[in-house]
Amino acid sequence: EMPADFRQEYLRLSRVHGEDALATVDGESCEGCNQTITPQTYDQLLCDKLIFCQSCGRLLYLPEKTSVTD
């Protein structure tokens with residue numbers, strides 16, 4: 001389930017990247033390109049901000065099991 005404010009950006013990206021429009025964050029890395037993300041970027045993801053990988057341009061998201069205490 002995707003928040004409404006993310007949906008438009010996702011649709012734009014999916015037209016360009018297809019199935020690769022999204023990438024999860026595993027630990028401290030984008031799973032799309034394996035680029036390390038900054039602590040600030042990770043914190044923004046925890047706050048449900050719309051964040052794109054600065055390396056590959058994919059829309060980043062955290063796995064469902066991730067919580068603020070992780």
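**Reading the sheet and helix α2**

In this predicted model, three strands build an open sheet of mixed pairing, ordered β2-β1-β3.

Q: Which strands stand at the edges of the sheet?

A: An edge strand is recognised by its having a single partner strand. Here β2 (29-30) and β3 (59-61) each have a single partner, so one side of each lacks a neighbour in the sheet.

Q: How many bridges join strand β1 to β2?

A: Strand β1 (residues 22-26) is joined to β2 by two bridges, and these strands run antiparallel. Within this pairing, Val 25 of β1 has Cys 30 of β2 as its bridge partner.

Q: Which residues of α2 are buried?

A: Residues count as buried when their relative accessible area is under 20%. In α2, they are Thr 41, Tyr 42 and Leu 45. Viewed down the axis of α2, these buried residues fall within an arc of 100°, and therefore they line one face of the helix.

Q: What do the buried residues of α2 pack against?

A: They pack against β1 and β3. The face of α2 turned away from the buried side carries the exposed residues Pro 39 and Gln 40.

Q: Why does Pro 39 count as exposed?

A: The exposed class requires a relative accessibility over 50%. Pro 39 counts as exposed because its value is 66%. Pro 39 belongs to helix α2 (residues 39-46). Its C-alpha lies 7.9 Å from that of Glu 28, with 11 residues separating the two in sequence.

Q: Which residue just after α2 takes a positive phi?

A: That residue is Asp 48, with a phi of about 60°.

Note on methods
Residues are numbered from 1 along each chain as its sequence is written. This is a predicted model: local features need pLDDT of at least 70, side-chain atom pairs count only at pLDDT 80 or more; totals for chains, interfaces and linings use all residues. Side-chain values use heavy atoms; hydrogens and water are left out. Helices (H or I, at least four residues) and strands (E, at least two) are DSSP runs, numbered from the N terminus. Buried means under 20% relative accessible area, exposed over 50%, partly exposed in between (1.4 Å probe, protein chains only). Two strands pair if DSSP finds at least two bridges between them. The arc is that of the directions from the helix axis to the C-beta atoms. Contact means heavy atoms within 4.5 Å.
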